[in-house]
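Subject: Structure handover and notes

Hi,

Here is the structure I promised to pass on. My notes follow below it, so have a look at the model first and then read on.

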Amino acid sequence: TSSAGGKFAIDAKTGEISVAKGAKLDFEAGESQSVTVRVKDAGGKYYDESFKIAVENVNEAPTDLTLKGSAVNENSAPGTVVGQVTVKDVDRGDTHTYSLANDAGGRFTIDAKTGEIKVADGAKLDYEGATSHSVTVRVKDAGGLTYDEAADQLGVTDAALIDEVVVAMAEYDGAAMFRLIDTVVEAGHDPRRFVTDLLERLRDLLIVAGVPDAAESGLIDGPA
């Protein structure tokens, strides 16, 4: 008399309960379903009883990847963080490992545990040669199922443009600043990433001012 919203059917002669045609059972939506069975004898008398049917979990592949952060300075040092990949998986508590099915010709790498994309070979990041590169991220769950997705293009920030902005700020040159901001927009840079890169450059300059051997000491990624 109750089929859990049409999810189950019963054979009128054998009493065998089966999944109804076209029905979908989702462990994540409900770990059990209730049905009520009615049995009727030849005289028309009947008896009803409810049962709970357990829905067992089956491993399902990840379904989506999201990239946060997608730009990096040209000639960045190996290990420089570019962005963070996160995975969507309906299996609660599943664990995942990451790899790059396409690493843009050896330019990038990814942390297998965290999904953090980093620079592998900064010498191959040349703004004048290419302003962006594509990578394909592969995520594998604990059961071995995989999902691939081409990440948003990873943009390369023009280091020379950042240098010009720093000089214009130091010289209080408003006209130059206006021109450079216009260049950032016209060149298609991500404004938020450009500002982040600029702030990092200013931070490094402040560190070098106080610690001249900051680059050698590893306090900054490279010469400021």
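Two strands pair if DSSP finds at least two bridges between them. Helices (H or I, at least four residues) and strands (E, at least two) are DSSP runs, numbered from the N terminus. With that in hand, L65 stands opposite V87 in β7.

A word on where the values come from. This is a predicted model, in which local features need pLDDT of at least 70 and side-chain atom pairs count only at pLDDT 80 or more, while totals for chains, interfaces and linings use all residues. Residues are numbered from 1 along each chain as its sequence is written, and side-chain values use heavy atoms, with hydrogens and water left out.

**Strands**

β7 (81-88) has two antiparallel pairings to look at. Strand β5 (residues 64-68) is joined to β7 by five bridges, and strand β10 (residues 116-119) pairs with β7 over three bridges. In the pairing with β10, V81 stands opposite K118.

β3 (32-40) and strand β4 (residues 46-54) also run antiparallel, with nine bridges between them. R38 has D48 of β4 as its bridge partner. The two strands form a hairpin with five residues between them, and G44 in the turn has a positive phi of about 90°.

There is an open sheet of three strands as well, in the order β6-β14-β11 and with mixed pairing. Its edge strands, β6 (71-73) and β11 (132-133), each pair on one side only. β11 runs antiparallel to strand β14 (residues 154-157), and two bridges join them. One bridge partner here is G155 in β14, which faces S132.

**The second largest pocket**

A pocket here is worked out on a 1 Å grid over the protein atoms alone: a cavity is a set of points where a 1.4 Å probe fits but cannot get out, a pocket is an open set with protein on both sides within 12 Å along at least five of seven lines, and lining residues have an atom within 4 Å of a point. Grid points are joined across faces, edges and corners, and a volume is the space filled by probe spheres set on the points.

The second largest pocket holds about 280 Å³ of space. It is lined by 17 residues, of which I10, D11, G15, V37 and R38 are the closest to its centre. β1 (8-10) and β3 each supply at least two residues of this lining, and β3 gives the most, with five. By class, the lining has eight nonpolar, six polar and three charged residues (Ala, Val, Leu, Ile, Met, Phe, Trp, Tyr, Cys and Pro count as nonpolar, Asp, Glu, Lys and Arg as charged, and the others, Gly among them, as polar).

**Two helices**

For burial, I use under 20% relative accessible area as buried, over 50% as exposed and anything in between as partly exposed (1.4 Å probe, protein chains only). The expected span of a helix is 1.5 Å times one less than its number of residues.

Helix α2 (residues 174-186) has 13 residues and should span 18 Å at 1.5 Å a residue, which agrees with the 18 Å between its end C-alpha atoms. Its buried residues are A176, L180 and V184. They sit on the same side of α2, because they cover an arc of only 80° around the axis (the arc is that of the directions from the helix axis to the C-beta atoms). The face turned away from that side carries the exposed residues A175, F178, V185 and E186.

Helix α3 (residues 191-210) has 20 residues and reaches 29 Å from its first C-alpha to its last, close to the 28 Å expected. R193, F194, D197, L198, R201 and D204 are its buried residues. Seen down the axis, they fall within an arc of 140°, so they line one face of α3. On the face turned away from the buried side are the exposed residues R192, L199, L206, A209 and G210.

**Two backbone angles**

Most residues other than glycine have a negative phi. N75, in the loop between β6 and β7, has a positive phi near 60°, and this residue counts as exposed at 52% relative accessibility. A104, in the loop between β8 (96-102) and β9 (108-110), has a positive phi near 55°, but A104 is buried, with a relative accessible area of 9%.

Best wishes
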